[in-house]
Amino acid sequence: MRGARMRRTPDLGRDSNMSAEFSSRRAAFRRLHESGCFVIPNPWDIGSARYLRGLGFKALATTSSGFAFSRGLPDGEGGVSRDQMLAHVAELVASTDLPVNADFQSGYAVKPEDVAKNAALCAATGVAGLSIEDRTGDSRQPLFELALAAERIQAASAALRDSGVLLTARAECFLVGHPEPLQESIRRLQAYAGAGADVLYAPGVKTRDEIRATVSAVASKPVNVLMNSSSMTLPELAELGVRRVSVGSALARAAWTGFLRAAKALAEQGSFAGFDGIVSGGELNSFFAKR
């Protein structure tokens, strides 16, 4: 269209002001991991990111499944491509002034050198942290062999060393149905700590005994715990030594729950009851008009 101005995509490698901003966010993110216990909620789009920032959270984390569902895709590298994820991460980084941790699946690669290259691409979006998991996506062998998994973390750590980006290593034992998920998670997290991971995370650890054992086994590194139920409070998790608490796709699924209930009532019963008590358009307009 003649006369229309195209919005310039920032050059993340050259814009010194933006680089300084990213450095500041990364430093703030590292400080959050030094003591105490904090919640890092997981938005799935710009609107949810801005609203969470408005509630006073100090950092945000992406959710691969929340984003995939918003695009009508299944979770996993087979649903959302690397480039789609990088674009999404960059969009969320640009949406607020908060540090963002990227759920970067298994690094969109198998070989350590390729994981390193992709981790560097993710860092270039301006993230303050990113996570790499050890799930293969192959049901016959759902986890990478430990030696290779540790090499992958070591390669990613080396690629991020001068960036200030925190690397979270994820042990997916609980999620893939390993016969001894706690013992194997601890074994893997210890190896990942030695390979250079800054933060350790075993999604699926739930009970107090499991959390206490995990934190104790890797006491030299901060531990992230996933919470998607009301089984424990933040003070209780802090007492167990947890440093960071994420909620994964829970917020996105909470939004989907309201949508599904209302849509099914409308389709199956001709009922509008699902709209009772919903937030008003005016409230949302007022919030987003503040920006």
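In this predicted model, helix 2 (residues 46-54) packs against helix 11 (residues 281-289) at an angle of about 75°, and the axes of the two helices are 11 Å apart. Because angles of 65 to 115 degrees count as roughly perpendicular, helix 2 is described as roughly perpendicular to helix 11. On the side of helix 2, the residues that take part are Gly47, Arg50, Tyr51 and Gly54, and they meet Glu283, Phe287 and Phe288 of helix 11. Sorted by class, this contact holds three nonpolar, two polar and two charged residues.

Arg50 of helix 2, which takes part in that packing, also leads to the next site, since Arg50 is among the residues in contact with Thr96. Thr96 is placed in the loop between helix 4 (82-95) and strand 3 (100-103). Its relative accessibility is 9%, so Thr96 counts as buried, the limit for that class being under 20%. When neighbours within four places in sequence are left aside, Thr96 touches Arg25, Ala49, Arg50, Arg53 and Leu60. A polar atom of the Thr96 side chain also lies 3.0 Å from the backbone nitrogen of Leu98.

A second threonine can be read in the same manner. Thr62 belongs to the loop between strand 2 (60-61) and helix 3. With a relative accessible area of 3%, Thr62 is buried. A polar atom of its side chain is found 2.7 Å from the backbone nitrogen of Asp103. Apart from neighbours within four places in sequence, the contacts of Thr62 include Asn42, Pro43, His88, Val89 and Leu92. Val100, Asn101, Ala102 and Asp103 are also in contact with Thr62.

The loop between strand 3 and helix 5 (112-123) contains Gln105, and Tyr108 lies in the loop between strand 3 and helix 5 as well. What is notable about the backbone of Gln105, given that it is not a glycine? Gln105 has a positive phi, of about 50°. Tyr108, likewise not a glycine, has a positive phi of about 55°. Gln105 counts as buried because its relative accessibility is 6%. For Tyr108 the value is 13%, and therefore Tyr108 also counts as buried.

From Tyr108 the reader may turn to Ser81, whose C-alpha atom is separated from that of Tyr108 by 8.0 Å, although the two residues are 27 residues apart along the chain. Ser81 lies in the loop between helix 3 (64-70) and helix 4. Is Ser81 buried or partly exposed? At 30% relative accessibility, Ser81 counts as partly exposed.

The last step concerns the nonpolar interior. The largest nonpolar core has 60 residues, and those touching the most other members are Leu130, Ile153, Tyr192, Leu200, Ile211 and Leu237. Helix 6 (residues 146-160) supplies the largest share of this core, namely six residues. Leu130 illustrates how such a residue is surrounded. Leaving aside neighbours within four places in sequence, Leu130 is in contact with residues including Asn101, Ala102, Ala119, Cys122 and Ala123. Leu160, Val165, Leu166, Leu167 and Thr168 are in contact with Leu130 too. Asn101 and Ala102 have already appeared among the contacts of Thr62. Apart from the largest core lies another core, of nine residues, among them Phe29, Ile40, Ala59 and Leu166. Leu166 therefore belongs to this other core, in which residues are joined through side-chain atoms within 4.5 Å.

Notes. Residues numbered from 1 in each chain as written. Predicted model: local features only at pLDDT ≥ 70, side-chain atom pairs only at ≥ 80, totals over all residues. Heavy atoms only, no water. Axes fitted to C-alpha atoms, helices over the stretch in contact; angles between N-to-C directions. Helix = DSSP H or I, 4+ residues; strand = E, 2+ residues; numbered from the N terminus. Parallel < 35°, antiparallel > 145°, perpendicular 65-115°, else oblique. Contact = heavy atoms within 4.5 Å. Nonpolar A, V, L, I, M, F, W, Y, C, P; charged D, E, K, R; others polar. Buried < 20%, exposed > 50% of the residue type's maximum accessible area, 1.4 Å probe, protein only. Polar contact = N/O pair within 3.5 Å; in protein donor to acceptor, adjacent residues only side chain to side chain.
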